[in-house]
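Here's a quick tour of one chain, from a single tryptophan out to the whole fold. Have a look at the model first, then read on.

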Amino acid sequence: MADDAPGPIRMRGAGYYSEHTTGAKLAIDAAIPLVLAALQRMDLAASATPFGIADYGAADGGTSIALHHTLLAALRARTERAITLTYTDLPHNDFSALFRLLHGLLPGRAALGLADVPGLFTFASGTSFHRQIFPDGTISLGFSATAMHWLSRLPAMLAEHVHAVGAEGGDLAAFRAQAAADWETILLARAHELSVGGRLVFANFCTDANGHYLGWTGGQNMHATFAKHWRGLRDAGAITGEEMRRATFPQFYRTVAEFRAPFDDPGSPVSRAGLRLEECFTRVTKCPYAERFAAGQPGAEFARTYVPTLRSWSETVFSSALDQGRPEAERQDIVDRFYAAYEADVAAAPEGHGMDYVHCFMVIAKDPTAGV
Ligand SMILES: C[S@@+](CC[C@H](N)C(=O)[O-])C[C@H]1O[C@@H](n2cnc3c(N)ncnc32)[C@H](O)[C@@H]1O
């Protein structure tokens, strides 16, 4: 996921990602009204070229398929223009699961396919969103959810924590600087791709005004729990200090001020490229697993269903931190022990565990007077 992270980082494949991340889908569903309202503000008849949709960092496509069905229906009601829908992600993503979903070939999810939408052409790209992916002016509506917190490189390795939320001093400054640089790169690439009058709708992980972020909204801190169990393996001699350090997520949860900064400065390269912020707000999506526990589900069952959702997106950070000279079975065993310890922790004292999502929703327009 980070373009030069310690190893190829990816969501678990074969549709596992979207089957185990209900919260991500709920956040995307919350973006549907923003997408539809953005569409309303767009002049669809203005061009004879296809209406280009991009879904940046789409994983297996399962979490955003309902959004695309709704968007495509709204588009078809207003225009007969050809539509392209391109899913992007990193090269190691399970694009095969994505294509099977799109063509209605995933067992139990056949009805979700898009093959029968008239005049729709679907594609995929394995180019990072830290680069320009599409030719200039060919995207009309770009969507991205829960992906741009992944940085293009790991700016520091943490000795006692696994995430920037636990970084301090120079390490924290390095993460902050990398996140600012990447954000500008992401936006400038999109400024090129977007057609004049086009829109971007993003739902990005953030740190909100309460200082809350993914997995910490006042209860047990998910990243601190990851760090505790990874340190536990180190302290037990199961992993080395270097393997501890290498398990640092190349991620950063930007604040609203950090997201807004390139737009609030009229002289910034992003403003000069013609991008204007139309909407920006934060929203917490409650963890559906924790909600089931709160509704009376036994703690052990909560732990058994909740920890796989963490595993679906975090596993490769831990597995690729392990010395690749270790036999595969040994690496698998260490990672299994790690998640088993997390699960036992939750089962023993479930109260306060959960992965609430904290997103910054943004709608961005490409100004008709833009120079790019
Ligand atoms: C948590 S998943 C989100 C998937 C989906 N958008 C959703 O909201 O459910 C994050 C996705 O972003 C992708 N990703 C991370 N860095 C990326 C990059 N530089 N370029 C493209 N995709 C990236 C990951 O591979 C992963 O599939």
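Contact here means heavy atoms within 4.5 Å. This is a predicted model, so to speak of local features pLDDT has to be at least 70, and side-chain atom pairs count only at pLDDT 80 or more, while totals for chains, interfaces and linings use all residues. Residues are numbered from 1 along each chain as its sequence is written, and side-chain values use heavy atoms, with hydrogens and water left out.

Let's start with Trp230. Setting aside neighbours within four places in sequence, Trp230 is in contact with Val162, Ile239, Glu243, Met244, Ala247, Phe318, Ala321, Leu322, Ile334 and Phe338. Trp230 also belongs to the largest nonpolar core (buried Ala, Val, Leu, Ile, Met, Phe, Trp, Tyr and Cys residues joined through side-chain atoms within 4.5 Å; buried is under 20% relative accessible area with a 1.4 Å probe, protein chains only). That core has 39 residues, and Met222, Phe226, Trp230, Tyr306, Phe318 and Met355 touch the most other members. Helices 6, 10, 11 and 12 each supply at least two of its residues, with helix 11 giving the largest share, eight. A second, separate core of 35 residues includes Val35, Leu39, Leu71 and Ala145.

Helix 11 (a DSSP run of H or I, at least four residues, numbered from the N terminus) spans residues 299-319 and also holds Arg311. Arg311 counts as buried at 14% relative accessibility, and its side chain makes a polar contact with the side chain of Asp336 at 2.7 Å (N or O atoms within 3.5 Å, one able to donate a hydrogen and the other to accept it; residues adjacent in sequence count only if both atoms are side-chain atoms).

On to the rings: there are 24 aromatic pairs. Rings of Phe, Tyr and Trp (its six-membered ring) pair if their centres lie within 6.5 Å; planes under 30 degrees apart are stacked, over 60 edge-to-face and the rest tilted. Two of them:

| Pair | Centre distance | Plane angle | Type |
|---|---|---|---|
| Tyr56 and Phe134 | 6.2 Å | 75 degrees | edge-to-face |
| Trp150 and Phe249 | 6.5 Å | 50 degrees | tilted |

Tyr56 is buried at 0% relative accessible area, and Phe134 is buried at 11%. Trp150 and Phe249 are both buried too, and they sit in one aromatic cluster with Phe226, Trp230, Trp313, Phe318, Phe338, Tyr339 and Tyr342.

Zooming out, buried residues make up 55% of the 372 in the chain.

Conventions: Buried < 20%, exposed > 50% of the residue type's maximum accessible area, 1.4 Å probe, protein only.
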